[in-house]
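Hi,

Here is the structure I promised to pass on. Have a look at it first, and my notes follow underneath.

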Amino acid sequence: MKIAVIGAGSWGTALALYLADIGHRVRLWVYKEEGAEDIINKRENVIYLPGFPFPENLTPSFDFEFCLDEAEVVLTVVPTQVYRHVIPQFLPFVKKDMIFLSASKGIENNTLKRVTEILHEFLDPVGVEHIGVISGPSFAKEVAKKYPTAVTVAFPDEETAKEVQHAFASEYFRLYRTTDVAGIEVCGALKNVIALASGMVDGLGYGANTRAALITRGLVEITRIGLVLGGEPETFPGLAGMGDLVLTCTSTLSRNFSVGRELGKGKTIEEIMSHMRMVAEGVKTAISVKQLVEKTGVEMPISEKVYEIIYDKKDPKLGVKELMTRSLKSEKEIF
Ligand SMILES: NC(=O)C1=CN([C@@H]2O[C@H](COP(=O)(O)OP(=O)(O)OC[C@H]3O[C@@H](n4cnc5c(N)ncnc54)[C@H](O)[C@@H]3O)[C@@H](O)[C@H]2O)C=CC1
Ligand SMILES: O=C(CO)COP(=O)(O)O
């Protein structure tokens, strides 16, 4: 297949390398920023994913027209909050039979749109029919190292999901398919906020008990809002739900976990972000979650606490205490 990957961060690059490795023709759009010329000239992502040279069927470029030319699949992998600025730049080169697939994990601030909803806003007028999402437990570096990985691909119509599933699968990258686009996207976005909380309790010096409680109750919280936002119940225990939640809540490879850990140790978000070039989507998604709670009335105590710690500068230790001393509940209560 001819594939355009929009966004040469660590995940866009890992996916581009992977898809080239299994024989597709891949063009990788690179955002023009300091040092980005090196990615093109050295044919290696020396900024975001060093150590993995590009094969000959993977071409990095700053030019959208070149990247989208003849593309059958367009994989979008930029940070959630910049989609609205990036899409208009490639829109003139979109053809209606292109398949769009988001690999980003977040919810846009203020509009509270999932990434495929942002894509629909721009691509529906062009007549693009197939817009889906790929998500699941998948650290870029581990995919680049070809470690066996399993993710989920979702499209509203099963046939397109099946087509992408088969085109993308290999002996070290396995895909499951579903039609639950909303559920998959909500899982991918919200696990980042819980991963921040998991990092915080690690930074505070708490142990495995605390982390296990957080993951379990985090999944309840994700399920609760996910169902309200149209997700299907089977999605939440799956790869994009429980799978990715466990991955990012337990590994220092996760940027969200790592940022949470620094917050737990007492640093402010401003200090942490000042020397971080990569994106930790949960930091912005926490704002969307607060807005979602206000809009829907759904209770999301862990995520709300993450917001308060980041933005209201609440002491993380106090945050944990407040969570632990909430009114006592039945475990059967989801809502
Ligand atoms: N890194 C990973 O292991 C995984 C990341 N993701 C998701 O992929 C998405 C992209 O993240 P990463 O590839 O990790 O990025 P990254 O954190 O490695 O790099 C940031 C990327 O954002 C780009 N960027 C910054 N400002 C921009 C702008 N104004 N316009 C266009 N691009 C801009 C940078 O050029 C760079 O490519 C996120 O939603 C993330 O949650 C999903 C699965 C795994
Ligand atoms: O989503 C991811 C792995 O599935 C990556 O998580 P981080 O963005 O926290 O690094």
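Ligand 2 lies between the two domains, because domain 1 (2-179) and domain 2 (188-324) both give residues to the shell around it. Keep in mind that this is a predicted model.

Which residues come nearest to ligand 2? Of the 13 residues around it, those are Ser138, Thr248, Ser254, Arg255 and Asn256. As for secondary structure, at least two shell residues each come from helix H8 (181-203), helix H10 (239-249) and helix H11 (255-264). H10 gives the most to the shell around ligand 2, namely 3 residues. Sorted by class, this shell has 5 polar, 4 nonpolar and 4 charged residues.

Now to the domains themselves. The bounds I'm using, 2-179 for domain 1 and 188-324 for domain 2, are those of the domain assignment of the chain. Between the C-alpha centres of domain 1 and domain 2 there are 25 Å. Their contact takes in 23 residues on the domain 1 side and 21 residues on the domain 2 side.

I looked further at the side of domain 1 that touches domain 2. Strand S7 (149-154) and strand S8 (173-178) each supply at least two of its residues, and the largest share, 3 residues, comes from S7. By class, that side of domain 1 has 11 polar, 9 nonpolar and 3 charged residues.

That's what I have on ligand 2 and the two domains.

Cheers

Notes:
Residues numbered from 1 in each chain as written. Chains lettered and ligands numbered in written order. Predicted model: local features only at pLDDT ≥ 70, side-chain atom pairs only at ≥ 80, totals over all residues. Near = placed C-beta within 6 Å. Helix = DSSP H or I, 4+ residues; strand = E, 2+ residues; numbered from the N terminus. Nonpolar A, V, L, I, M, F, W, Y, C, P; charged D, E, K, R; others polar. Domains from an automatic or database assignment. Contact = placed C-beta atoms within 7 Å.
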